[in-house]
Amino acid sequence: GDFIAYLTGKSILPPIVSSDKMKEAQVPGWACKNTKLRQELGFKPKFDIEVGIQKTVEAYRAAGWLS
C-alpha cells in the first residue's frame, strides 16, 4: 500500500497492507492465543477465527475496500 502511494502520490485509506504490516507478519513466533484469558477470566469469543475473517471480508467489501 505505501509503495503504491509512493508511485502514484496518492494515499490508500485505510492502508490494508503496508511495509510496517508486512514486517509485523514476518516476525517468527507471532501468535495470539486466548487460553490464559479463557482459563483465568472465563473469556469466551463470540465466534471463531474463520467466522471473524469472513465478517471482516464482508465489512471491507461493504466499505468498498475490497472488490
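Buried means under 20% relative accessible area, exposed over 50%, and partly exposed in between, with a 1.4 Å probe and protein chains only. The model toured here is predicted: local features need pLDDT of at least 70, side-chain atom pairs count only at pLDDT 80 or more, and totals for chains, interfaces and linings use all residues. Residues are numbered from 1 along each chain as its sequence is written, and side-chain values use heavy atoms, with hydrogens and water left out.

Begin with Y60, which is partly exposed at a relative accessible area of 27%. Add W65, likewise partly exposed, with 40%. Rings of Phe, Tyr and Trp (its six-membered ring) pair if their centres lie within 6.5 Å; planes under 30 degrees apart count as stacked, over 60 as edge-to-face and the rest as tilted. One aromatic pair results from this rule. The ring centres of Y60 and W65 are 5.0 Å apart and their planes stand at 70°, so the pair is edge-to-face.

Next, display the whole protein as a cartoon. Four helices and zero strands appear, in the order α-α-α-α from the N terminus; helices (H or I, at least four residues) and strands (E, at least two) are DSSP runs, numbered from the N terminus. Of the 67 residues, 4% count as buried.

Now select S67, in the segment after α4 (49–62). This residue is exposed, with a relative accessible area of 91%. Its C-alpha atom is separated by 9.9 Å from that of V57, ten residues apart along the chain.

Move to F47 and K55. K55 lies over the face of F47, 5.6 Å from the ring centre; the criterion is NZ of Lys or CZ of Arg within 6 Å of the ring centre and within 35 degrees of the ring normal.

Keep F47 selected and add C32, K33, N34, R38, P45, D48 and I49: together these residues line the largest pocket. A pocket is an open set of points on a 1 Å grid over the protein atoms alone, where a 1.4 Å probe fits, with protein on both sides within 12 Å along at least five of seven lines; lining residues have an atom within 4 Å of a point.
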